[in-house]
Every structure is written in structure tokens, then in C-alpha cells.
2 protein chains.
Amino acid sequence: MNYQSKVEDSEFTDRQAQVLEAGLALLVAGGEKAITTAGLARAANCSKESLYKWFGDREGVLSAMIAYQASKVRVPAAAASANRSAEDFRVDFEAFGNDLLTVLSGSTSIALNRLAVGQASADGAPLGDLLVNRGRSAIRARAKALLEAARRAGHLRFDDTEEAFETLYGLLVRDKHVRMLLGEKLTSLGLPLDQNKQVERALDQFYRLYGAEFATL
Amino acid sequence: MNYQSKVEDSEFTDRQAQVLEAGLALLVAGGEKAITTAGLARAANCSKESLYKWFGDREGVLSAMIAYQASKVRVPAAAASANRSAEDFRVDFEAFGNDLLTVLSGSTSIALNRLAVGQASADGAPLGDLLVNRGRSAIRARAKALLEAARRAGHLRFDDTEEAFETLYGLLVRDKHVRMLLGEKLTSLGLPLDQNKQVERALDQFYRLYGAEFATL
DNA sequence: GGCGAACCGTACCGTACGGTACGTGGCGGC
DNA sequence: GCCGCCACGTACCGTACGGTACGGTTCGCC
């Protein structure tokens, strides 16, 4: 399939990017069912024939949408300045937590995750993998860099970075992500109003588990 | 709609239960797309006409499947014996954690959650609500009873039961649930082999946050 | 034994949608 | 200025599926 190469190197022409953007808009608005080849062609002012030429088939369009969105994720390189105080790190972690919750509760993120979940059941889809291994690994990279910098600075104590990250993630996200995917209104989860408060609480707990001033293990 | 009443009182005849069971099997095997009215009728050896008579339409069938599965959930009443030791509670919490992870990673749970996620995007579906407010609230009730019993016995310390529950849930589940929904293989999550170990670790952390022998707040 | 209700199986209809083919209109190369 | 390329738009096809109608069969009830 020639469209596969398009997906793998995740390089899209401007026109294709426009089409995928329109597809994302449709997806956010109406879910996967809203992505019909005719509908997408109309919304993007392109022809169905072009869709099939570029992406192979409908499935290819969906994959491309995920790959495209994933390609937009950029890891904000952590400022690696030395001699950072505990306060500095706390601020960084708060920023991270807020970013994480903001991203996860974003409408495109929700829509895309729902799409990937739906595809996961159907075929033996590398679709959820794509989503998880791009978006998530970006998040994880940022968090791990932060965690290890804080450890080097003597503010955190842990052996297994992965484990520490998972704990941080669990404390921050809890089951909010799943509940949002299930359609629960953000307001009933205290978002975005209480987001800061929730992040604070999660970090308080995280620091009590991994902070250097507490005995670990 | 007459099928609505069926859903609400969640009472199904034996025959209907058989049909819904067949539907669950189809759902587990092939996802929502695999539930076609003709296919379900064939799999359940019933007529399409009966399907429409009982459940109204395809959507009604899906709702009924969720309601039916939810109706099977029973909360194992916590043994409320007094004078239980910290060890006893620890055992209970371990059982709870293992049950939780076992349920969430079960194939029917995964399939049903995927279904609900898919529906959440389409209509203004009370479908995910159903799932969340049945299965989840059952889990939550059990956990909260356990938490408060442990608090009364002086083994845990917290003000807000809901907050404690969320923390426990977050530490136990982390992002495993979402990743399973996205199709990640259980083995890559260390399930079910490392499940006990993961529960232990989560509970260690939870006790360090809420255990009575540690200062809280 | 006769009757009606419930249900099965099947055949049928309408439609929506994935996928393909064709005609048309810009646009860069010669 | 002519030509080939690419993409747009549209019209078209086949099919799969939701939903309905109908004849036949079983079963309980009088």
C-alpha cells in the first residue's frame, strides 16, 4: 500500500494537512461516525478520488489523522540549568501536571483517543499504539527528564524512573481520563476550575512518596 | 419507547438474557461493529423481529447489553466484624486491588468500556453514564466501606473519603485502564503475572499517604 | 382439539456509505 | 500557445446493514 509510506514518515503535503485538519474537526464534532469519505471530501473541498489516492482507503485516512496529530506534538525541552531550587522544580512539576491535564481534557485529544479505542477492538490495530507511543511517550519523556533532573539535584529520591513516573501519572490523572472518554462532563470532574488545586494535591502526595526529605522505602 | 422500561428496571426475561449474553460474546469477539441485528439474531437463534420488539432498535440492544451486564455486578458486602487488625485490613485491600485489576482487565469489561466510549462521542449518550454509575459505583461503594471501616479501626487517617478513594484508585490503576482500552497487550502491562506485585506496591504507597502510623497533612 | 400469543426464519425494502470512473479546470513546462 | 499533470466535483456502482412484513411452528390455555 503506497499510503503506508505516507503514514510512516509522517510527512504530509500542505494540502493533505489541510484535509487531515478538516478531518480532525469533523472527528471532534461528531466522532468517528462523522468521518465519511464524502463528508470529509466536502468539508475539505477536495475530491474523494484524492482521498483514496493519498490515503488508500478510509482506514488510511484515520491512521493518517492520528499520525498527523501525533506529528504536531513537540517535547518542550526541559531547561537543564543546574543549581535549581526545590521551588523551581515544584513549579516545573506543577506546569507539567497542568499541561498534562489540559492536554488530556482537550477536545481533540478526547476525540482522537475515542477513535483509537474504537479501532482497537476492530482490527489488530497499530492505531492505539501510534497514539500511545507518540503522545504518551512525549509526555513521558518530558516527565522523566524532569524527574531525573530533580533527583540529580537531590530533591527527589527513587530508584526506578519508570515507576516514579507511573506514580506521578496515576496521582495526577487518576481515573479522570477514562471518565472523560466515557463522556462525563468536565465540570463534574472539577475541570478546569479546580485543576490547579488537583495538581497541587497530587504533587503534595507525590512529594510525600518521593521527596528527599522523607524516608523512601 | 417500551424498551426503555425494560432498560430502566433492568429486568430481562431468560430468553432476553440469553440474547444479551450472545451479544456480549459478539462484542468481545469483534467490537461494536460485530453487533449487527442480523448477526445477533443468528448468533442467538432468535428473530430480528423479536430483537426489535424487545429492545426497540439497535441502540436499545446496546443499552440493554450494558444494563444487563451492570445488573450482574454485585457488591460483596464487606465483612463488618469489629476488632480487625491492620493485617486483616491489608488483606482486604489487597483483595480489593486484585479484584479491581482483574475486573478492569477482563475481556467483557474492556469490550463494554470500548463500546461506551464509542457511543459517548456520537449521541448525548447516557450510555457511558450507565456503565460508570453501575460498575464504578459498585467498586466505589466497596472501597469506601473498606476505607471507612479501616479508619474507624484506627488504621487509616483521612478527612475526605472520596479523595482517599480516588488516590487509592489512581495508585492501583494508574493508566493501565486507558492503555488496555487502547489495545495494549496485557502482558506488556505486566498483567496478570505481576498483578500482585503491583497491588502491593500501590498499597505500600497508599499506606504511606494515609496510614495512621504516618503523619497525614 | 381449537385458539391465540409468542417467536423463529426468511425474504424484502430503503438507504447510507465505501470505493471507482469520468469529465472539467487550473497550472507549470516546452 | 499547446500539452500533460493534478486535483476538484459529480455521478455512479455494489454492498452491507437497519428496519419491516409475513408465513410457519411451538406452546400454553380454555
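I began with the contact between the two protein chains, which takes 33 residues from chain B and 33 residues from chain A, where two residues count as in contact if their C-beta atoms, placed from the backbone, lie within 7 Å. On the side of chain B that touches chain A, I noted that α7 (107-122), α8 (127-152), α9 (161-173), α10 (176-181) and α11 (195-210) of chain B each supply at least two residues, and that α7(B) gives the largest share, eight residues. Sorted by class, the residues on that side of chain B are 15 nonpolar, nine polar and nine charged; here Ala, Val, Leu, Ile, Met, Phe, Trp, Tyr, Cys and Pro count as nonpolar, Asp, Glu, Lys and Arg as charged, and the others, Gly among them, as polar.

I reminded myself that this is a predicted model, in which local features need pLDDT of at least 70 and side-chain atom pairs count only at pLDDT 80 or more, while totals for chains, interfaces and linings use all residues. Residues are numbered from 1 along each chain as its sequence is written, and chains are lettered from A and ligands numbered from 1 in the order in which they are written.

**Chain A as a whole**

I looked up the elements of chain A and found 11 helices and zero strands, helices (H or I, at least four residues) and strands (E, at least two) being DSSP runs numbered from the N terminus. Of the 217 residues in chain A, buried ones make up 38%; a residue is buried if 20 or more other C-beta atoms lie within 10 Å of its own, exposed if 12 or fewer, and partly exposed in between, with C-beta atoms placed from the backbone. Among the contacts in chain A with a separation of 6 or more, 68% are between residues 24 or more positions apart.

**The DNA strands**

I then turned to DNA strand D, which has 17 residues around it, and of these A:C46, A:S47, A:S50, B:T36 and B:D57 come nearest; a residue is near a molecule or strand if its C-beta atom, placed from the backbone, lies within 6 Å of it. The surface near DNA strand D draws at least two residues from each of α4 (48-55) of chain A and α3 (37-44) and α4 (48-55) of chain B, and α4(A) gives the most to this surface, with four residues. Its residues divide into four nonpolar, five polar and eight charged.

For DNA strand C, I found that A:T36, A:D57, B:C46, B:S47 and B:S50 come nearest among the 17 residues around the strand. The largest share of the surface near DNA strand C, four residues, comes from α4(B), and the residues of this surface divide into four nonpolar, five polar and eight charged.

**Helix α4 of chain B**

Which residues of α4(B) are buried? I found B:L51, B:W54 and B:F55 buried in this helix, and they lie on the same side of α4(B) because they cover an arc of only 75 degrees around the axis, the arc being that of the directions from the helix axis to the C-beta atoms. On the other side of α4(B), B:E49 and B:K53 are exposed. The helix α4(B) is followed by B:G56, whose phi is positive, near 85 degrees.

**Loops and backbone**

I checked the peptide bond that joins A:L191 and A:P192 and found it cis, with omega about -10 degrees; A:P192 lies in the loop between α10 (176-181) and α11 (195-210) of chain A. In chain B, the peptide bond from B:L191 to B:P192 is cis, with omega near -10 degrees.

I also noted two residues other than glycine with positive phi, beginning with A:N45, whose phi is near 55 degrees. A:N45 lies in the loop between α3 and α4 of chain A and is exposed, with 9 other C-beta atoms within 10 Å. The phi of A:R174 is near 50 degrees, and A:R174 lies in the loop between α9 (161-173) and α10 of chain A. Is A:R174 buried or exposed? I found A:R174 buried, with 23 other C-beta atoms within 10 Å.
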